[in-house]
Amino acid sequence: QVSFLHLMLESQSTSRKKDRCQEVVLTLKVSTATAHSQQINVKFRCRSKKESFIFTFEDHDGSIQHAAAIAPKKKCPTSGCPVLLTLHGTGVPPQNQADSYKRMKGKNWVFGLDTAWVLAPTRHGAHNWEGPGMLTPMTALQRLAQMASKVSWMPAVDARKVVFAGHSMGGHGAWHLATHYPDLALAVVSAAGWIAKEDYGDSNLFFRHDVGVSFTDPGLKAILEACIAENMADHHVSNLRGVPVLARVGAIDRTVHPYYLRRMCRLLEQAGVDVSYAELSGKEHWWWDTWSENDGGVNSDPVVRKFVEQFTVPSEGIGQCHSHDDGENCALETERSKYRSSGALFASEPGRLVGRFVLSVFNPASHDGLRGVRVILQRTAMRRSKVEMEIQAKSAALYTSNVKMLQIETPSVASVPWQQMDDIVIDGTHLTNVSSTSEQPLCLYRHHDGSWNMVSSSLVSLALRRYGPARRVAEYPFLIVVGTSGGKGLDRVAMQMALYIANQFHLTSDALAPIITDTEAQNVQDYNFIILGQPEDNGLIMRSLLTTPISYDNKAFSIGNCRFSSNHTGLAALAFHSGQRQALILTANSASALEDIVHLATPTIPPMTRSPFSNLIPDFIVTGHEFKALGTGGYLCAGFWDQELRDDQLWTVLNRQSMSCSC
């Protein structure tokens, strides 16, 4: 197994030599009780404040990732400068992505932006900035702010105000992050960004070439597609209402056809988003020179810089654009903006409060909020939830669809003063005593009769923590737990399977997946678990199954009134342990069926391999003896759990609309 060694280096001197800049090499001696010592040379580059630098950080899952950043060239306000969070395309190192925000001034390169940080994170693997890949840039954003707060010479970071940007795969990432965190979005810049991986290229076509396509029930396909619906940018365009968007692509791009941005911009325009779109004649997938040599190119030419400046410079610092101080032309693209909203190109203001907004959500756990409104619980899990908002100066009316619990709070960018409103109506229910809640978020629950009332906000984090799909077990530090009661032979096989899964996580996403035993796990609480083995061999399995609607007896698994008693039945199911943390149970009633379940972690399209369990794996799957031959055609049942509030406690329940089998 691979283990990370955390080192904290501190300087004993506060002085900095301005006349010297040279590489520093430290020699580290690493030794353990069971291995020979080893010396490792660690090199540190010397960088000026005007250049990009690379930093490492602990990610959301406990792994070590890195990012590149460029500090603002001008002074930041006390609250900090906003951040241009830029996401790279396939194979592009983060420093290259950060350094693409450069231009030639005279005979010198100028890097970065005047009044905004440039942050370019990265994570190994084919994550497409979705799922675990989405959380890495959001974690990098917080880590940069924390680092700046501890270093006196670094400009402050306002991590609540973000311009989401990216190119190619990163352009998709910009769509994805902005539609999932619209209340942080000052603006969006998507260059050559595609909409969904399943519609782009031919490597991930949904059920087009799969072995099991001829044997898979339409109801099961709907469940599996629901696992990835949250990654489809076009399903979430309504979330960008009020957020200015700049989309651009080369007219002869042979990698990401202009069709994808044309389609996305048509949908944005239809949703009332202020979007500006341009195809640049003669440009392909990437270019360095838009109108003149070294003018910044696809990511940082005068148009992009002017657009970003509109939303990152303090209002008193924005002047009229005739030409830049350095003599650069800041004229807009001469190409006609095909899907441009009415009015001036950049007329939309992100602080606009009143009007009609529609929040679209498929998975509440991966969404933040729109105008301060966030979906916490759905009536039917992983189906589209909508909240239509009609916001006025002192009142608001909300109309919900497939929503069971909401949270309402004042957002950072578009500060809707919810607590100061005279009247808030949700589905016909008038809320009372809203102004008496101070600045605390409002948590609202919808009862079976359609009425809404306020409940404890402590339920929010617990509800979101319980959402799937299965991949979410690896979005927090996790351990793989094997049994100790199966005898030497079976325990050794389980350990080999655990090593296989741990190595897959490391190879596909640099994730750290330590392996422990069920006896060691009894005293562990603040980790997610992947629990592996047969129920008779791993004592943690039966205890975790009690937190789900699944039961196991006489070598058979039961879900509702469905009983699976074949002697070759496997089960993958999200459960919980210690009452708070997720546990993904991988179990079966035979050794061969357990091997089938472990194969759910097997990559499907090397070398562009996704992290284990991160694609098309819902909350639970039951496999039968035909799984090895038919793939998804061998699934006996699959689905999602729902949650219900009873006696001020959340319970995991079964909803027949959220499962593929009918028994």
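**Cores, sheet and helix packing in the predicted model**

Within the largest nonpolar core, which holds 142 residues, Trp117, Leu119 and Phe164 touch the most other members. Helix α2 (residues 132-150) supplies the largest share of this core, with 7 residues. A second core, separate from this one, comprises 24 residues and includes Val361, Val373, Val375 and Leu444. The structure described here is a predicted model, and local features were considered where pLDDT is at least 70.

Aromatic contacts were examined next. The search of the whole structure returns 14 aromatic pairs. One of them joins Trp194 to Tyr200 in a stacked arrangement, with 5.2 Å from centre to centre and 10° between the planes. Trp194 and Tyr200 are both buried. The ring centres of Trp286 and Trp288 lie 5.2 Å apart and the planes stand at 80°, so this pair is edge-to-face. Trp286 has a relative accessible area of 32% and is therefore partly exposed; the value for Trp288 is 40%, and Trp288 is also partly exposed. In addition, a single aromatic cluster is formed by Phe53, Phe55, Phe57 and Trp117. Trp117 thus appears both in this cluster and among the residues that touch the most other members of the largest core.

An open sheet is built from 8 strands in the order β23-β22-β24-β29-β28-β30-β31-β32, with mixed pairing. Its edges are β23 (515-517) and β32 (649-659), each of which pairs on one side only. On average, neighbouring strands of the sheet are turned by 30° against each other, direction ignored. Strands of a sheet pair through backbone hydrogen bonds, either parallel or antiparallel. Strand β31 (residues 635-646) and β32 run antiparallel and are joined by 7 bridges. Trp641 has Leu654 in β32 as its bridge partner.

Two helices that pack on this sheet were characterised. Helix α4 (residues 218-226) touches β31 and β32, and its direction makes about 60° with that of β31. Helix α9 (residues 487-509) touches β22 (478-482), β23, β24 (528-532) and β29 (581-588), and its direction makes about 160° with that of β22.

Helix α9 contains 23 residues and spans 33 Å from its first C-alpha to its last, close to the 33 Å expected at 1.5 Å a residue. An α-helix has 3.6 residues a turn, so residues three or four places apart point the same way. The buried residues of α9 are Asp491, Ala494, Met497, Ala498, Ile501, Ala502, Gln504, Phe505, Thr508 and Ser509. These buried residues pack against β22, β23, β24 and β29 of the sheet, and also against β4 (64-70) and α12 (591-598). The residue that follows α9 is Asp510, which has a positive phi, near 60°.

The surroundings of one histidine were also analysed. His176 lies in helix α3 (residues 169-180). Its relative accessibility is 1%, and His176 therefore counts as buried. With neighbours within four places in sequence left aside, His176 is in contact with Trp129, Glu130, Gly131, Met134, Glu230 and Asn231. Of these partners, Met134 falls within the range of helix α2 (residues 132-150). Between His176 and Ala397 the separation is 221 residues in sequence and 27 Å in space, C-alpha to C-alpha.

Key: Residues are numbered from 1 along each chain as its sequence is written. This is a predicted model: local features need pLDDT of at least 70, side-chain atom pairs count only at pLDDT 80 or more; totals for chains, interfaces and linings use all residues. Side-chain values use heavy atoms; hydrogens and water are left out. Two strands pair if DSSP finds at least two bridges between them. Helices (H or I, at least four residues) and strands (E, at least two) are DSSP runs, numbered from the N terminus. Axes are lines fitted to C-alpha atoms, for helices over the stretch in contact, and angles run from 0 to 180 degrees between N-to-C directions. Contact means heavy atoms within 4.5 Å. Buried means under 20% relative accessible area, exposed over 50%, partly exposed in between (1.4 Å probe, protein chains only). The expected span of a helix is 1.5 Å times one less than its number of residues. A nonpolar core is a set of buried Ala, Val, Leu, Ile, Met, Phe, Trp, Tyr and Cys residues joined through side-chain atoms within 4.5 Å. Rings of Phe, Tyr and Trp (its six-membered ring) pair if their centres lie within 6.5 Å; planes under 30 degrees apart count as stacked, over 60 as edge-to-face and the rest as tilted.
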